[in-house]
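Reader: I am new to this structure and should like to understand how its descriptions are justified. Please explain the reasoning behind each term.

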Amino acid sequence: MTVIAASELVKRYGDFAAVDGISFEVAPGESFGLLGPNGAGKSTTMRMVGAVSTRTSGSLTVLGLDPDDYGPEIRSRLGVVPQQDNLDNELRVRENLLTYGRYFGLPRRLVAERADELLQFAQLADRAGAKVDELSGGMKRRLTIARALINDPRILLLDEPTTGLDPQARHILWDRLFRLKEQGTTLLLTTHYMDEAEQLCDRLVVVDHGRIMAEGSPASLIRSYSTREVLEVRFGSDRNADAAAALAAGAAAPHESGAALEPRRRLPAAHRAEPHRMSAVIA
Ligand SMILES: Nc1ncnc2c1ncn2[C@@H]1O[C@H](COP(=O)(O)OP(=O)(O)OP(=O)(O)O)[C@@H](O)[C@H]1O
Ligand SMILES: [Mg+2]
């Protein structure tokens, strides 16, 4: 049983394939991530799953339904947190929830009850009457998540839920999302951050240029792809050539050659002798 099944999913804009043959399946209650850099095709994939963008080819079912044929049914059963908050700035915080709830044709009293519960859940009860403009970025993100939950969805799509938030706001959001997961909500989320994927995802795919580059649990991906030590070194631009040559030649560690300005931390001697362990970030 899967709640989302994508097979060889493709989205083209003209000749350009934003999503170029992606396949994945998400089980009920699972938390599944799409991890990748800018332009990888994450939001494009999310929009197809959310039945707001049609696919060019491949197959896709959400809750067993094809978005091409059952767009409204799928949309009514999903919660969606888009990459850019699209709250109604004209309305106050609680009104945003009430208005959104009525789009789903839910009875007024039920929506009001849920709105109050969700304001508690999002730790915004004391801001119920505030204007959206007066909220901080993290509060807006929590309100957008609360709004996405007004129809009590079984699947929540979250496009970069914590980008731009400070560490404390991220942790609060992680905690809220973890609670939803514990209640059995299926999460499909995108992120740029492996630490976020590690916190929230049971499984993930790493996407780049519209294709899947790797997949597995966060722990298995970290085991397979990360080295024990990564040293980032930033060089002054006039010394790039010397520093790169020193690294390539496996000569003394850059800070010993005098080429590096500030290695972020010193490694034991054994590591200094192994330049292949070092990833140099040349500014
Ligand atoms: N409507 C569109 N028309 C043309 N190209 C598009 C359109 N939407 C997205 N693209 C292109 O598709 C590619 C994937 O975009 P997408 O927004 O899915 O990336 P992303 O992984 O979400 O990136 P980010 O991390 O920056 O949000 C990009 O090269 C983008 O320019
Ligand atoms: Mg995106």
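Reader: What makes the residues listed for L157 its contacts?

Author: In this predicted model, L157 touches M46, V49, G50, L78, G79, V80, V81 and L188, leaving aside residues up to four places away in sequence. Two residues are in contact if their C-beta atoms lie within 7 Å, and therefore these residues count as contacts of L157.

Reader: What place does L157 have in the largest nonpolar core?

Author: That core has 54 residues, and L157 is among those that touch the most other members, together with L118, A146, L187, L188 and L204. Strand β2 (residues 16-26) gives the most to this core, with 5 residues.

Reader: How do you know that β5 and β6 pair?

Author: Pairing requires at least two bridges; 4 bridges join β5 to β6 (residues 155-159), so the two strands pair, and they run parallel. One bridge partner is L158 in β6, which faces V81.

Reader: Why is β5 called an edge strand?

Author: The open sheet has the order β5-β6-β7-β3-β8-β9, with mixed pairing. Both β5 (78-81) and β9 (211-216) pair on one side only, and are the edge strands. From one strand to the next, the twist averages 15 degrees.

Reader: Which residues surround ligand 1, and what makes them its shell?

Author: They are Y13, A18, G36, N38, G39, A40, G41, K42, S43, T44 and Q83. Each has its C-beta atom within 6 Å of the ligand, so each belongs to the shell.

Reader: How is that shell divided by class?

Author: The shell has 3 nonpolar, 7 polar and 1 charged residues. Glycine counts as polar, so G36, G39 and G41 fall in the polar class.

Notes
Residues numbered from 1 in each chain as written. Chains lettered and ligands numbered in written order. Predicted model: local features only at pLDDT ≥ 70, side-chain atom pairs only at ≥ 80, totals over all residues. Axes fitted to C-alpha atoms, helices over the stretch in contact; angles between N-to-C directions. Core = buried A, V, L, I, M, F, W, Y, C linked by C-beta atoms within 7 Å. Buried ≥ 20, exposed ≤ 12 C-beta atoms within 10 Å, placed from the backbone.
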